[in-house]
Amino acid sequence: MEQCAAAYKELGAPGSLEEIRKELSQYALNGYRDRVKEKPHATALLKLLHENGVHVAVATASNPVGVRTALEANGMTPYVEYLVSCTEVGQGKDSPAVFLNCAEHFGAVPAECVVFEDSAYALRTARGAGFLTVGIRDEISAEEPGADFSQLCHRYLPDYAQLLAELTPPEEEGSLLRAVRK
């Protein structure tokens, strides 16, 4: 943000560097709030998980303030218990640190967790660390080099609707893990 503000200042933008930085930050947050939409059926899945006592964390490589803004705008915040960014853990998703941080937050080990991810390299990382993985289709990540999702994750889905339809009654212990392993 500092580099962008400095570049705008050099191009003749009015105001102090601090004013430009604040304006750029607000513009970015407005973008998260107004333009970042849920992946189809994500809120319904989050609600189902919440209603059945399944803990939910968000591990993001994006700006955590922006992600919180997007979650709130999409009505998802009541279902997310924990949010952590790669910046906060000091490593990107090419390291399992952010995923392990989420598991540790809930006192779980990787094999007890499911990572839903739309990035090929992050799926590779999470699976390599022992997490169950579900790849969710995304137009951008589908174009990543080496993005053969069928080889990178335990399940690959176009969106969350199919998984919602497959989930067995919540009173059956382990039903979510069985649905992911199908």
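**View 1. Gly130 comes right after helix H7 and has a positive phi.** The phi of Gly130 is near 100°. H7 covers residues 120-128; helices here are DSSP runs of H or I with at least four residues, strands are E runs of at least two, and both are numbered from the N terminus. Everything shown is a predicted model, where local features need pLDDT of at least 70, side-chain atom pairs count only at pLDDT 80 or more, and totals for chains, interfaces and linings use all residues. Residues are numbered from 1 along each chain as its sequence is written, and side-chain values use heavy atoms, with hydrogens and water left out.

**View 2. Here is what sits over the buried side of H7.** Ala120, Ala122, Leu123, Thr125 and Ala126 are the buried residues of this helix, buried being under 20% relative accessible area, exposed over 50% and partly exposed in between (1.4 Å probe, protein chains only). Their cover includes helix H6 (97-105), helix H8 (149-152) and the strands S3 and S4. Contact, here and below, means heavy atoms within 4.5 Å.

**View 3. S3, S4 and S5 line up, in that order, as an open parallel sheet.** Strands count as paired if DSSP finds at least two bridges between them. S3 (residues 114-117) shares four bridges with S4, and one of the pairs is Val115 with Thr133. Getting from S3 to S4, the chain passes through H7, and this β-α-β crossover is right-handed: with the strands pointing away from the viewer, the path from the first strand over the helix to the second runs clockwise. On the other pairing, S4 and S5 (residues 155-157) run parallel with three bridges, and Val134 has Arg155 as its bridge partner in S5.

**View 4. The same sheet, now with its edges, its twist and the helix packed on it.** S3 and S5 are the edge strands, each pairing on one side only. From one strand to the next, the twist averages 20°. H7 packs on the sheet and touches S3 and S4, with its direction at about 165° to that of S4. For these angles, axes are lines fitted to C-alpha atoms (for helices, over the stretch in contact), and values run from 0 to 180 degrees between N-to-C directions.

**View 5. Strand S4 is covered on both faces.** Why is S4 largely enclosed by the rest of the structure? Five of the five residues in this strand (residues 132-136) are buried, so the surroundings largely close it in. Leu132, Val134 and Ile136 are on one side, Thr133 and Gly135 on the other.

**View 6. Leu46 sits in helix H3 (residues 42-51).** Leu46 has a relative accessibility of 14%, so it counts as buried. Setting aside residues up to four places away in sequence, Leu46 touches Val56, Met76, Tyr79 and Val80. Met76 is 30 residues from Leu46 along the chain, yet their C-alpha atoms are separated by 7.4 Å.

**View 7. Meet the largest nonpolar core, with 18 residues.** A core of this kind is a set of buried Ala, Val, Leu, Ile, Met, Phe, Trp, Tyr and Cys residues joined through side-chain atoms within 4.5 Å. The members touching the most other members are Leu45, Leu46, Val58, Leu71 and Val80. H3, helix H4 (64-73) and S4 each supply at least two residues of this core, and H3 gives the largest share, four residues. As for Val58, its contacts beyond four places in sequence are Val67, Leu71, Val80, Tyr82, Leu83, Val84 and Cys102. Another core, of 14 residues, lies apart from the largest one and has Cys86, Cys102, Val115 and Ala122 among its members.

**View 8. A look at the cysteines: the structure holds zero disulfides.** The test for a disulfide is a pair of cysteine sulfur atoms within 2.5 Å. Cys86 has its closest cysteine sulfur in Cys102, 9.4 Å away, so the two are too far apart for a bond. Cys86 is buried at 8% relative accessible area, and Cys153 is buried at 5%.

**View 9. Zooming out, the chain has 10 helices and five strands.** Of its 182 residues, 37% are buried. Among the chain's contacts with a separation of 6 or more, 50% join residues 24 or more positions apart.
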